[in-house]
Amino acid sequence: MKIGIDCRIFSPRFTGLGRYTSELVNRIVKLNNELVYPHTIVLFFNTAEYQTYKTPKNVEKVLVNAKHYSIKEQTVFLYKLYKAHLDLAFFPHFNAPIFYRRPYVVTIHDLTLSFFHGRKMTKWYHRLAYNLTIKNVTKKAEKILTISKNTKQDLIKILNIDPEKIEVIYNGVSPIFRLIDNPNVSAKTLKKYKIKQQFLLYAGVWRSHKNLARLIEAFSILKKEKNLNLQLVITGKPDPYYPEVRNTVKKFDLQDDVIFTGLVDEEELLHLYNAAHIFVFPSLYEGFGLPPLEAMRCGTPVVASNTSSIPEICGKENAVFFNPYNIKDIAEKIELVYKDPDLQAKLVTNGIQYSSGFSWGRTAKKTFYILQRCLNRSKNS
């Protein structure tokens with residue numbers, strides 16, 4: 001039988017949805033080839049990934065070249081899906097063609113755009129496209145995969161989805177992220193970014209729901225009122241749509257204390273996780289939230305928001321949580337961990353053990369099981 005997978009967002013590079021898709025696809029292909037009677041897996045790519053992907057046995061690749069939210073997504077991609085004569089399609093992101101009527105499974109990572117509209121696609125037709133697409137894809141899917149119980153509850157509450165239709169499968173943590181015994185390994189990265197003392201670390205994108213401005217303001221309290229000898233390191237590509245990040249640094253005169261690294265590669269991020277004194281995750285909303293688990297895997301204490309899926313994914317015994325809307329509380333919880341070596345040691349020990357339970361291999365096996373179950377149901381109907 002034929003399984004099609006939307007790989008237009010496939011990327012082995014360090015991006016959330018790209019990472020999810022590439023980790024699953026590579027493992028599902030391997031699991032499929034271990035079957036006595038393997039399926040044919042058809043992968044739909046845009047140009048860059050189509051050219052670089054080396055096709056294993058029992059795999060076909062199709063060039064689509066259709067961006068998300070584009071007319072081509074609703075026409076060219078739709079045509080090529082039908083042309084492939086799939087028994088089941090898997091969309092690792094909710095952007096499926098509205099008029100696709102064959103059986104499919106979809107992953108809904110979060111409903112961020114339902115709570116936080118962002119500033120990039122703000123026209124009425126952008127909102128309409130999002131609402132139509134996500135309502136359509138969840139209504140028609142054979143099965144909906146989510147990456148947390150919190151996202152499942154959001155789907156039930158906001159889109160009125162039958163709970164029996166939703167399967168929760170947690171993301172994995174890449175084995176790339178690990179504890180480095182020798183602190184000198186990170187020295188080159190620290191020197192590159194002019195990190196000269198103990199530091200707090202944030203890793204992720206810059207968007208309004210990531211709450212970076214409040215983190216910076218809380219950091220100002222720690223520096224100027226609590227006199228803590230710290231730097232704050234913020235990774236991620238600077239985004240002109242969110243000028244408040246840099247503006248808050250200027251407002252509180254923290255230019256010498258806040259370091260913006262820009263995008264970092266995996267090796268540098270590994271070094272930063274290991275070298276950080278505390279990892280801080282101030283996000284207002286997450287469908288899952290990988291960075292805290294990656295930090296735990298690297299032996300770094302985590303202080304994080306008490307909202308959405310974050311306590312669920314981090315585990316209540318493995319991090320200290322704050323109210324992300326309360327700047328004073330953010331500062332107090334960071335100071336609590338900073339001044340308590342015993343608490344730090346507990347968080348490190350618990351975090352390493354706990355985060356080791358999240359593997360992409362397990363995620364892929366559970367996902368492939370669901371796909372096969374839906375295939376059998378389709379075959380027998």
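Select residues 290-297 of this predicted model to display helix α12, which lies across strands β11 (278-281) and β12 (302-305). Relative to β11, helix α12 runs at about 170 degrees.

**The six-stranded sheet**

Extend the selection to the sheet that contains β11 and β12. Six strands form this open sheet, and their order is β10-β9-β8-β11-β12-β13. The pairing is parallel. Colour residues 258-262 and 320-322 next: these are β10 and β13, the edge strands, each of which pairs on one side only. On average, neighbouring strands of this sheet are turned by 25 degrees against each other, direction ignored.

At the β10 edge, add residues 231-235, which form strand β9. Strands β9 and β10 pair in the parallel sense over four bridges. To locate one of these positions, pick Val233, whose bridge partner in β10 is Ile259.

**The seven-stranded sheet**

Move now to the other sheet of the tour. Which strands form the open sheet of seven, and in what order? The order is β3-β2-β1-β4-β5-β6-β7, with parallel pairing. Select residues 59-63 for β3 and 166-168 for β7; these strands stand at the edges. Each has a single partner strand, so one side of each is left without a neighbour in the sheet. Here the average turn between neighbouring strands is 20 degrees, direction ignored.

Display helix α1, residues 16-33, which packs on this sheet. Helix α1 touches β1, β2, β3, β4 (88-91) and β5 (104-108), and its direction makes about 160 degrees with that of β2. Then add helix α4, residues 76-83, which lies across β1, β2, β3 and β4. Helix α4 runs at about 170 degrees to β2.

Within the sheet, isolate β1 (residues 2-6) and β2 (residues 40-45), which pair in the parallel sense over five bridges. Picking Gly4 leads to Val42, its bridge partner in β2.

**A pair of helices**

Finally, select residues 212-224 and 327-338, which are helices α9 and α14. How far apart are their axes, and at what angle do the helices pack? The axes are 8 Å apart and the angle is about 60 degrees, which means that α9 is oblique to α14. The crossing is right-handed.

Show the side chains at this contact. Helix α9 contributes Arg214, Leu215, Glu217, Ala218, Ile221 and Leu222, while α14 contributes Ile327, Ile330, Ala331, Ile334 and Glu335. Colouring by residue class divides the contact into eight nonpolar and three charged residues, with no polar ones.

Methods. Residues numbered from 1 in each chain as written. Predicted model: local features only at pLDDT ≥ 70, side-chain atom pairs only at ≥ 80, totals over all residues. Heavy atoms only, no water. Axes fitted to C-alpha atoms, helices over the stretch in contact; angles between N-to-C directions. Helix = DSSP H or I, 4+ residues; strand = E, 2+ residues; numbered from the N terminus. Parallel < 35°, antiparallel > 145°, perpendicular 65-115°, else oblique. Left-handed = near helix turned anticlockwise from the far one by under 90°. Contact = heavy atoms within 4.5 Å. Nonpolar A, V, L, I, M, F, W, Y, C, P; charged D, E, K, R; others polar. Pairing = 2+ DSSP bridges.
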